[in-house]
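Please look over the sequence and the model below before reading on. The paragraphs that follow go through it step by step.

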Amino acid sequence: MCFAATAKADDPLTLNPVSAWYGLNFESGWHFDFEVGLEYEPTYAGSDKYLFEGGLGARALYSTKSGHRYFVSLGEIGAVFSLSPDTQFLAFVEYEEERNDDEDSTLAGMNTINSTIEGQFMLATRFGNATLFGVLQPDLAGDANKGLVWFVGTGYDWLSNDKRWRTSTTLDLSGADSEYMLTEFGIASEESTRTGYLSYQPSSGLKSLSWNVAGEYYFSDNFSLLGSVDTEYYLSEASDSPLIADEGREITFEASLQLRYRY
């Protein structure tokens, strides 16, 4: 999750598990980020249609001498706790926007998925340049009936000798309970009547396999350019949904480019 008006899971300082340790190099005290960027993403999870979105982001982060970090940004608030030099625990809450049936012609006649408050709880352990991590993502408010999603994964990162280039990659497997699957990929009987899709009632199971590659170039101590590409392959209960099997794609892509100012 990047810290912008719409959140994603690729922030280089706190959320990306393979690069979160770079934040420990901050001196203790307050730090601030401002960014402007462009994203290219599917119109809904599993869609074969894409759109460009521009965005502005801002974040305030407080780093302690022991390596803990507390942050607040547009739609998010949380903390990263340094349990040891090689282990971190991240916890934050974020605002998740609703999904409307006018966002894509494929969704016409589908029920609205309400906006809600989601949690993100991640434990990550580092082995040299490699990282293992696990994440739980519950629907805390329950307004969207999104239940619980989990992720397990690994990553690897590089930092150039002159510390100008940072590159990272992650691979993760995700799954979800039946409540999430029904909300995100299910077709209720009344939706089937309105849309013509076959009724679909998925159960809990695997959601997707995702691969991320990200890079950041530091022009100076204050300015950097961040790019990220994500590939997601939907599995089992998710890929069998008419929204993906009939109208979308099992494999989707996302890309983003951001200019960041930090002080």
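**Hairpins, buried charges and unusual backbone angles**

In the hairpin formed by β3 and β4, two residues lie between the strands, and Gly75 takes a positive phi near 90 degrees. The model is a predicted one, and the two strands of this hairpin, β3 and β4 (residues 76-84), pair in the antiparallel sense over five bridges. Within that pairing, Phe71 has Gly78 of β4 as its bridge partner.

On its other side of the pairing list, β3 is joined to β2, again in the antiparallel sense and over five bridges. Here Phe71 of β3 is the bridge partner of Leu61, and the hairpin of β2 and β3, with five residues between the strands, has Gly67 at a positive phi near 100 degrees.

What distinguishes the two faces of strand β3 (residues 69-73)? Arg69, Phe71 and Ser73 make up the covered face, whereas Tyr70 and Val72 make up the uncovered one. This fits a general pattern, since in a regular strand the side chains alternate between the two faces of the sheet.

From the covered face of β3, Arg69 leads on to another strand, because its side chain is joined to that of Gln88 by a polar contact of 2.8 Å. Gln88 has its place in strand β5 (residues 87-96), and with a relative accessible area of 3% Gln88 is buried.

Charged side chains come next. Side chains of opposite charge can pair when their charged atoms come close, and the count of salt bridges in the model comes to twelve. One of them is formed by Asp33 and Arg59, whose closest N and O atoms are 2.2 Å apart. Asp33 lies in strand β1 (residues 29-42) and Arg59 in strand β2 (residues 50-63), so the pair ties together parts that are 26 residues apart in sequence. Buried or exposed, where do these two partners stand? Asp33 is buried, with a relative accessible area of 5%, and Arg59 also counts as buried, at 4% relative accessibility.

A second salt bridge starts from the strand that holds Asp33, for the side chains of Glu35 and Arg260 meet at 2.7 Å, N to O. With Glu35 in strand β1 and Arg260 in strand β12 (residues 251-262), this pair links distant parts of the chain, 225 residues apart. Glu35 is buried at a relative accessible area of 8%, and Arg260 is buried at 2%.

Strand β12 also contributes Arg262, which pairs with Glu216 of strand β10 (residues 205-218), a residue 46 positions away in sequence. The side chains of Glu216 and Arg262 meet in a salt bridge of 3.5 Å, N to O; Glu216 is buried, with a relative accessible area of 0%, and Arg262 is buried, with 8%. Salt bridges that share partners join these residues into one network, made up of Asp33, Glu35, Arg59, Arg166, Glu216, Arg260 and Arg262.

The last stop is in the loops. Most residues other than glycine have a negative phi, and against that background two residues deserve a look. Asn145, although not a glycine, has a positive phi of about 55 degrees; Asn145 lies in the loop between β7 (130-138) and β8 (148-159), where at 42% relative accessibility Asn145 counts as partly exposed. Lys163, likewise not a glycine, has a positive phi of about 60 degrees and lies in the loop between β8 and β9 (165-176). With a relative accessible area of 59%, Lys163 is exposed.

Note on methods. Residues are numbered from 1 along each chain as its sequence is written. This is a predicted model: local features need pLDDT of at least 70, side-chain atom pairs count only at pLDDT 80 or more; totals for chains, interfaces and linings use all residues. Side-chain values use heavy atoms; hydrogens and water are left out. Helices (H or I, at least four residues) and strands (E, at least two) are DSSP runs, numbered from the N terminus. Buried means under 20% relative accessible area, exposed over 50%, partly exposed in between (1.4 Å probe, protein chains only). A polar contact is a pair of N or O atoms within 3.5 Å; within protein, one must be able to donate a hydrogen and the other to accept it, and residues adjacent in sequence count only if both atoms are side-chain atoms. A salt bridge is a side-chain nitrogen of Lys or Arg within 4 Å of a carboxyl oxygen of Asp or Glu. Two strands pair if DSSP finds at least two bridges between them.
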